[in-house]
Amino acid sequence: MLEVLAIVRREYLSRVKSKWFLLSTLGVPVLMAGAAVITTIAGNNGSQSQRLVLIDETDVGLAATAQEALENVGFRVEIVLGDGANRALLEQRLVDGDIGSYIVLDAETLERGLVRMTAESRPSAVRRIALQSALVNAAIDARYGAEAEA
């Protein structure tokens, strides 16, 4: 039994003392940190991607409810009330890079939590989650707040 332990100890020490063990022990965390930094940089598409317009087609002021939540997660929000008559202007602003996206909030948003979003590029996963969370919570607040007042 002592002979087996001596062999195990010798093998373990020979592996730990190798340059590859040292390289992998230090290199893997450095690579992981680098990947995290690159992902963060790539996920931030610039300031125009954080500017969005909410088109509020509801009669309960859903965009106003969502604005604060979206601004808290880093978006700059502009609200347009109406039936979508300004969509051509918004499309042009999107092409010009003035805004990153516009989102239509309508009856479907209140009923099912679904929105229509037009964007210059697909937002990062973190941004999509932040958008979804803010908009769904705003829809719940607006829907049940309006029902409680009625």
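Which backbone nitrogen does the side chain of aspartate 56 reach at 3.0 Å? In this predicted model, the side chain of aspartate 56 reaches the backbone nitrogen of leucine 62 at that distance of 3.0 Å. The points below begin with the chain as a whole, then return to aspartate 56, and then take up charged pairs and a few single residues.

**The chain as a whole**

- The secondary structure of the chain comes to 6 helices and 4 strands, and, when read from the N terminus on, these elements follow the order α-α-β-α-β-α-β-α-β-α.
- The chain has 150 residues, of which buried residues make up 25%.
- Among contacts in the chain with a separation of 6 or more, 66% are accounted for by residues that stand 24 or more positions apart.

**Aspartate 56, a buried charge**

- Aspartate 56 has its place in strand 1, which covers residues 51-56, and its side chain reaches out of that strand to the backbone nitrogen of leucine 62.
- Although aspartate 56 is buried, it has no salt bridge, and the nearest side chain of opposite charge, that of arginine 116, is 10 Å away. A salt bridge is counted only when a side-chain nitrogen of Lys or Arg is within 4 Å of a carboxyl oxygen of Asp or Glu, so a distance of 10 Å does not qualify.
- If neighbours within four places in sequence are left aside, the residues in contact with aspartate 56 are Gly61, Leu62, Ala63, Val80, Leu81, Gly82 and Leu105.

**Salt bridges and other charged or aromatic pairs**

- Side chains of opposite charge can pair when their charged atoms come close. In this model the count comes to 7 salt bridges, and some of them are described here.
- Arginine 93 and aspartate 98 form a salt bridge in which the closest N and O atoms are 2.7 Å apart. Arginine 93 is buried, because its relative accessible area is 19%, whereas aspartate 98, with a relative accessible area of 35%, is partly exposed.
- Arginine 112 forms a salt bridge with glutamate 108, and here the closest N and O atoms are 2.7 Å apart. Both residues lie in helix 5, where they are 4 residues apart, about one turn of the helix. Arginine 112 counts as exposed because its relative accessibility is 58%, while glutamate 108 is partly exposed, with a relative accessible area of 29%.
- Some salt bridges share partners, and in this way Arg10, Glu11 and Arg15 are joined into one network. Within this network, the side chains of arginine 10 and glutamate 11 meet at 3.8 Å, N to O. Arginine 10 is exposed, with a relative accessible area of 52%, and glutamate 11 counts as partly exposed at 32% relative accessibility.
- A charge also meets a ring in this model, since the charged end of arginine 127 sits over the ring of phenylalanine 75, at 4.7 Å from its centre. The count of aromatic pairs, by contrast, comes to 0.

**Leucine 90, a buried residue in a helix**

- Leucine 90 is found in helix 4, which spans residues 87-96, and it counts as buried because its relative accessibility is 3%.
- When residues up to four places away in sequence are not counted, leucine 90 touches Val53, Ile55, Ile99 and Tyr102.
- Leucine 90 and threonine 118 are 28 residues apart in sequence, and their C-alpha atoms are 9.6 Å apart in space.

**Two residues in loops**

- Valine 115 lies in the loop between helix 5 (107-112) and strand 4 (116-119), and its relative accessible area of 34% makes it partly exposed.
- Apart from neighbours within four places in sequence, valine 115 is in contact with Ile103, Val104, Leu105, Thr109 and Leu135. The C-alpha atoms of valine 115 and valine 136, which are 21 residues apart along the chain, are separated by 9.3 Å.
- Serine 121 is found in the loop between strand 4 and helix 6 (125-149), and it is partly exposed, with a relative accessible area of 34%.
- Serine 121 and glycine 100 are 21 residues apart along the chain, and their C-alpha atoms are separated by 7.8 Å.

Terms used
Residues numbered from 1 in each chain as written. Predicted model: local features only at pLDDT ≥ 70, side-chain atom pairs only at ≥ 80, totals over all residues. Heavy atoms only, no water. Buried < 20%, exposed > 50% of the residue type's maximum accessible area, 1.4 Å probe, protein only. Contact = heavy atoms within 4.5 Å. Lys, Arg positive; Asp, Glu negative; His and termini not counted. Polar contact = N/O pair within 3.5 Å; in protein donor to acceptor, adjacent residues only side chain to side chain. Phe/Tyr/Trp six-rings, centres within 6.5 Å; stacked < 30°, edge-to-face > 60°. Lys NZ or Arg CZ within 6 Å of the ring centre and 35° of its normal.
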